[in-house]
Amino acid sequence: MNPFQFTRANTPQAAVSAVSKETGAYFLAGGTNLIDLIKREVVIPERLVDINHLPLATIEETTSGIRIGAMAKNSAVADHELIKKHFPLLSMALNAGASAQLRNMATVGGNMMQRTRCPYFYDHSMPCNKRGPVQSGPSKGQPNGPAGCGAIGGVNRMHAIFGTSEKCIAVHPSDMCIALAALDATVNVTGPKGNRSIPFAEFHRLPGDAPQKDNTLLPGELILSVDVPKNECAKYAHYLKVRDRASYAFALVSVGVAVDMKGKTIQDIRLAMGGVAHKPWRLAEAERYLKGKEATIENFKQAATLAMQGAKGYGENEFKLTLAPNSIIEALQIATQTV
Amino acid sequence: MDNENNAGEPESTGASRRAFLKQSSVLAAFALTPPVAVHAVEKGLDEKVAVAFEQQPLRVEINGVAQQLSVEPRVTLLDLLREQLNLTGTKKGCDHGQCGACTVHVDGQRVNSCLTLALTTEGSKVTTIEGLGSVEKLHPMQEAFIKHDGFQCGYCTPGQIMSAVACINEGHANSPDEVREYMSGNICRCGAYSNIVEAIMEVKSKGGRI
């Protein structure tokens with residue numbers, strides 16, 4: 001690893017101030033992605049600001065739902081009684097990600113901030129538009145490897161089929177974020193200009209012309225907590241993750257479903273997909289179609305067809321054009337217990 | 001960092017380090033200067049001076065022994081254990097959080113020590129395979145691994161055992177399927193998985209925290 005400075009922050013304000021005052025300063029939470037990125041010289045930091053001692057790990061009931069501290073560990077959230085009771089989808093999604101060791105380290109805020117696992121992003125001898133300039137050392141300010149997108153026309157089996165751009169077809173790798181997107185969470189942040197709240201759907205962004213930006217955080221902003229509002233969709237929920245091995249692998253396609261049913265009629269439904277886009281992919285059209293309808297295979301098939309509108313393959317990942325709708329149907333069947 | 005001053009110089013980090021070192025003979029007069037640095041200044045070992053100054057204090061308890069250490073920020077817990085403390089039972093497999101060979105416990109929680117910066121363990125209690133049992137008295141999980149032949153080459157074994165102990169203590173060893181899921185972060189290239197699951201299920205069947 002390249003050398004860097006290390007500061008321990010005792011308050012969120014101190015952390016924000018330390019990261020704001022120099023380019024190349026990063027918050028360090030669980031480190032499960034950042035330390036790896038530093039080892040691979042994709043991130044070359046000037047300074048790491050350790051936020052592990054900040055009092056931001058509580059999980060508590062509020063009047064409108066549950067507030068999860070940004071520093072709560074993924075394992076603590078997945079195993080928390082309130083989460084299992086009110087938002088089983090979130091618990092299932094978390095447990096589908098990474099390994100038990102990594103979930104003990106990884107935080108909720110860090111999970112949201114993790115970078116894509118696109119192999120071209122990780123190899124700075126290969127073209128990639130997502131890697132920003134070098135932040136430290138002799139090459140500071142220089143591009144970190146050639147520009148372009150190696151995945152377009154390259155090895156792209158894991159890559160996106162929705163919301164891509166000519167600059168980038170990478171996917172967001174998180175499982176947790178698929179659940180939080182489906183559950184209409186809100187992200188509370190603090191920064192140099194004070195506090196604000198960001199709807200989860202607006203937190204991550206599509207690549208467009210600036211794939212180096214994964215999200216809409218402003219420089220120096222720190223995630224404090226995530227609010228998940230109450231819903232009636234706890235009873236019928238499922239997180240289906242399709243991957244190359246049964247555990248400890250990133251999703252080819254994943255589907256998060258949470259449904260409120262009366263008899264066989266769908267009252268409310270939340271649907272989001274992972275492994276298919278640069279951000280958690282909410283299936284709003286399919287949700288609208290299914291609301292008020294019966295939980296039947298025919299309706300699920302029609303919802304899946306609606307969800308796939310606009311999907312585009314890039315060669316090796318074209319199998320996702322079939323896998324994704326099939327996964328949507330299967331997840332809906334399992335969640336509504338109509339298999 | 002002063003961007004503009006360093007912009008034209010190809011070795012800007014080196015330059016700032018050298019500028020710092022010019023002052024180090026003055027700094028050496030102060031009592032707080034690490035002895036290593038003073039010694040290195042006397043010997044003209046610039047690089048060693050820089051390393052000594054870049055180190056930060058770390059207080060951590062490792063296998064029940066309180067340690068007062070000095071480490072560089074970029075040193076991982078894994079490298080601290082192996083290189084500085086000679087605790088080579090913890091293995092470096094992939095060094096990228098993908099194999100689990102480096103699994104240790106920090107405050108009772110299993111973590112990948114290769115992705116843990118040593119400085120982030122300040123004030124914590126770390127347990128490695130050396131702290132789990134002793135040659136005279138093996139830990140029940142170590143005994144079970146031997147009994148069930150839960151390894152072949154043995155390289156992943158310390159990580160497997162540390163992970164297995166945590167798996168039971170977390171309450172995630174209630175069935176072979178659950179063990180397989182919650183042990184998926186430990187890769188065994190010899191393929192001793194079925195025997196590892198048997199070892200864990202046997203220890204679990206005896207009940208209680210281990």
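**Close-up 1. Strands β11 and β12 of chain A pair up in the antiparallel sense.** Two bridges link β11(A), residues 265-274, with β12(A) in this predicted model (two strands pair if DSSP finds at least two bridges between them; strands are DSSP E runs of at least two residues and helices H or I runs of at least four, numbered from the N terminus). Across from A:M273 sits A:W281 of β12(A). Zoom out a little and you get an open, antiparallel sheet of four strands, ordered β9-β10-β11-β12 in chain A. Its edges are β9(A), residues 236-242, and β12(A), residues 281-282, each pairing on one side only. Strands of a sheet pair through backbone hydrogen bonds, parallel or antiparallel.

A word on the setup: residues are numbered from 1 along each chain as its sequence is written, while chains are lettered from A and ligands numbered from 1 in the order in which they are written. Since this is a predicted model, local features need pLDDT of at least 70 and side-chain atom pairs count only at pLDDT 80 or more, whereas totals for chains, interfaces and linings use all residues.

**Close-up 2. Helix α5 of chain A lies across β9 and β10 of chain A.** The helix covers residues 88-96, and β10(A) covers residues 253-262. Helix α5(A) runs at about 20° to β9(A) (axes are lines fitted to C-alpha atoms, for helices over the stretch in contact, with angles from 0 to 180 degrees between N-to-C directions).

**Close-up 3. β6 and β7 of chain A make a hairpin, with two residues between them.** Six bridges hold β6(A), residues 186-191, and β7(A), residues 194-199, in antiparallel pairing. One bridge puts A:T190 with A:N195 of β7(A). β6(A) also runs antiparallel to β8(A), residues 222-229, joined by five bridges. Here A:V187 faces A:V226 of β8(A).

**Close-up 4. Helices α11 and α12 of chain A cross at roughly 140°.** Their axes come within 9 Å, with α11(A) spanning residues 297-307 and α12(A) residues 320-335. That angle makes α11(A) oblique to α12(A) (under 35 degrees counts as roughly parallel, over 145 as roughly antiparallel, 65 to 115 as roughly perpendicular, and the rest as oblique). The contact residues include A:F300 and A:K301 of α11(A), plus A:I328 and A:L332 of α12(A) (contact: C-beta atoms, placed from the backbone, within 7 Å). By class, this contact has eight nonpolar residues, two polar and one charged (Ala, Val, Leu, Ile, Met, Phe, Trp, Tyr, Cys and Pro are nonpolar; Asp, Glu, Lys and Arg charged; the others, Gly among them, polar).

**Close-up 5. Over in chain B, helices α7 and α8 cross at roughly 125°.** The axes of α7(B), residues 140-147, and α8(B), residues 157-169, come within 10 Å. That makes α7(B) oblique to α8(B). B:M141, B:Q142 and B:F145 of α7(B) meet B:T157, B:I161, B:A164 and B:V165 of α8(B). Five of these residues are nonpolar, two are polar and none is charged.

**Close-up 6. Chain B touches chain A through 31 residues, against 26 on chain A.** On the chain B side, the elements giving two or more residues are α2 (12-22), β4 (109-112), α8 and α9 (176-182). β4(B) gives the most, with four residues. This side of chain B divides into nine nonpolar, 15 polar and seven charged residues.

Definitions and conventions:
Two residues are in contact if their C-beta atoms, placed from the backbone, lie within 7 Å.
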